[in-house]
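Q: I'm new to this structure and would like a close look at a single part of it. Please pick one spot, tell me what surrounds it, and then work outward until I can place it in the whole.

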Amino acid sequence: NNKQQTNNEQQTTPNTNKHKQERMAGLNDDDEFAFFLAKKASAHSSQKSKVSTAKDQPFSLDTRQIFNLEYMGRVTGMERSGTSLIEYIDRQKVLGIIAKQTSVQDAVQISLSRYGLKVTDVNEREVFHRIPLHCIRDVTYYLDDKNKNILVVGCTKTGQDVVTYYVYVAEDETTASRVCDGLRRAFQFLQAQSMKLPS
């Protein structure tokens with residue numbers, strides 16, 4: 001049954017009019033090593049983190065960007081992308097593995113820093129989960145059939161084929177885009193920093 005589902009997904013033709021998508025590449029092994037080099041280089045930094053919500057503000061070792069989303073759940077499976085991923089998430093909703101709807105009780109705060117994503121309650125009193133930056137494989141957002149802005153963060157560990165997808169709802173397209181843009185800037189900055197370090 002699993003093989004049949006996979007074949008059906010691969011035969012599906014993407015419908016660009018139905019789903020608006022944005023993807024961001026994650027880190028390969030070299031970039032993962034660059035991340036740890038950059039982290040090591042920042043160990044002597046004593047400046048306080050700067051909380052930022054501006055999309056165009058440069059990312060730095062002390063940057064901390066805050067995003068308010070609603071958490072739908074997570075699911076683990078084979079790597080998917082594009083329409084295949086969207087259909088997979090929709091099936092998980094039908095099966096009840098991922099919430100079909102969210103409420104204010106599902107509100108979370110996501111903090112993005114050089115270490116990755118930290119997901120807490122809105123008052124930052126309880127940490128629900130952490131996603132190290134070097135584990136993030138890709139990020140996708142799209143508009144579902146109920147006009148909800150769905151944000152999917154795919155995570156994996158080096159040498160593993162299984163991907164864990166964390167699913168959130170953004171208030172609007174701007175918020176979802178800011179999360180993707182913030183992660184992209186974080187990767188670019190840390191990679192640039194690693195190039196400055198002596199060999």
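**Thr 156 and its surroundings**

A: Let's start at Thr 156, which counts as buried because its relative accessibility is 13%, under the 20% cut-off. Keep in mind that what you're looking at is a predicted model. Thr 156 sits in the loop between E8 and E9, so don't assume that a loop residue has to be out in the open: this one is buried by that cut-off.

What does Thr 156 touch? Setting aside residues up to four places away in sequence, its contacts are Cys 135, Arg 137, Val 162 and Val 163. There's also His 134 to look at: its C-alpha is 8.9 Å from that of Thr 156, with the two positions 22 residues apart in sequence.

Cysteines turn up around here, which raises a fair question: how many disulfides does the structure have? The count is zero. Cys 155 isn't in one, and the nearest cysteine sulfur, belonging to Cys 135, is 6.9 Å away. A disulfide calls for two sulfurs within 2.5 Å, so that pair doesn't qualify. Cys 155 is buried, at 9% relative accessible area. Cys 180 is buried too, at 0%.

Now step over to Val 153. Not counting its neighbours within four places in sequence, Val 153 is in contact with Leu 117, Ile 131, Ile 136, Asp 138, Val 139, Thr 164, Tyr 165, Tyr 166 and Tyr 168. Several of those names come up again in the cores.

In soluble globular proteins, nonpolar side chains tend to be buried together. Here, the largest nonpolar core has 28 residues, and the members touching the most others are Leu 117, Ile 131, Ile 136, Leu 151, Val 153, Tyr 168 and Leu 183. Which elements give two or more residues to this core? They are strands E3 (63–77), E4 (107–113), E5 (116–120), E7 (136–143), E8 (149–155) and E9 (163–170), plus helix H4 (173–196). Helix H4 gives the most, with eight residues. Another core lies apart from this one; it has 14 residues, including Tyr 88, Ile 98, Ile 150 and Tyr 165. So Val 153, which belongs to the largest core, also touches Tyr 165, a member of the other core.

The tyrosines deserve a moment of their own. A pair of aromatic rings is described by the distance of the centres and the angle of the planes. A search of the whole structure turns up two such pairs. One is Tyr 71 with Tyr 168: the ring centres are 5.5 Å apart and the planes meet at 45 degrees, so the pair is tilted. Since Tyr 71 is in strand E3 and Tyr 168 in strand E9, this pair ties together parts 97 residues apart in sequence. The partners aren't covered alike: Tyr 71 is partly exposed at 23% relative accessible area, whereas Tyr 168 is buried at 0%.

The other pair is Tyr 88 with Tyr 165, where the centres are 6.3 Å apart and the planes at 65 degrees, so this one is edge-to-face. Tyr 88 belongs to helix H3 (residues 82–95) and Tyr 165 to strand E9, so the pair links parts 77 residues apart in sequence. Both count as buried, Tyr 88 at 6% and Tyr 165 at 1%. Tyr 88 has something else going on as well: Arg 80 lies over the face of its ring, 3.7 Å from the ring centre.

Back to loops for a moment. Most residues other than glycine have a negative phi. Asn 147, in the loop between E7 and E8, has a positive phi of about 60 degrees without being a glycine. Asn 147 is exposed, at 59%. Glu 124 likewise has a positive phi, near 60 degrees, in the loop between E5 and strand E6 (127–132). Glu 124 is partly exposed, at 38%.

Finally, zoom all the way out. The protein chain has four helices and nine strands, running in the order α-β-α-β-β-α-β-β-β-β-β-β-α. Of its 199 residues, 45% are buried, and Thr 156 is one of the buried ones. Among contacts between residues at least 6 apart in sequence, 62% join residues at least 24 apart.

Definitions and conventions
Residues are numbered from 1 along each chain as its sequence is written. This is a predicted model: local features need pLDDT of at least 70, side-chain atom pairs count only at pLDDT 80 or more; totals for chains, interfaces and linings use all residues. Side-chain values use heavy atoms; hydrogens and water are left out. Buried means under 20% relative accessible area, exposed over 50%, partly exposed in between (1.4 Å probe, protein chains only). Contact means heavy atoms within 4.5 Å. A nonpolar core is a set of buried Ala, Val, Leu, Ile, Met, Phe, Trp, Tyr and Cys residues joined through side-chain atoms within 4.5 Å. Rings of Phe, Tyr and Trp (its six-membered ring) pair if their centres lie within 6.5 Å; planes under 30 degrees apart count as stacked, over 60 as edge-to-face and the rest as tilted. A charge sits over a ring if NZ of Lys or CZ of Arg is within 6 Å of the ring centre and within 35 degrees of the ring normal.
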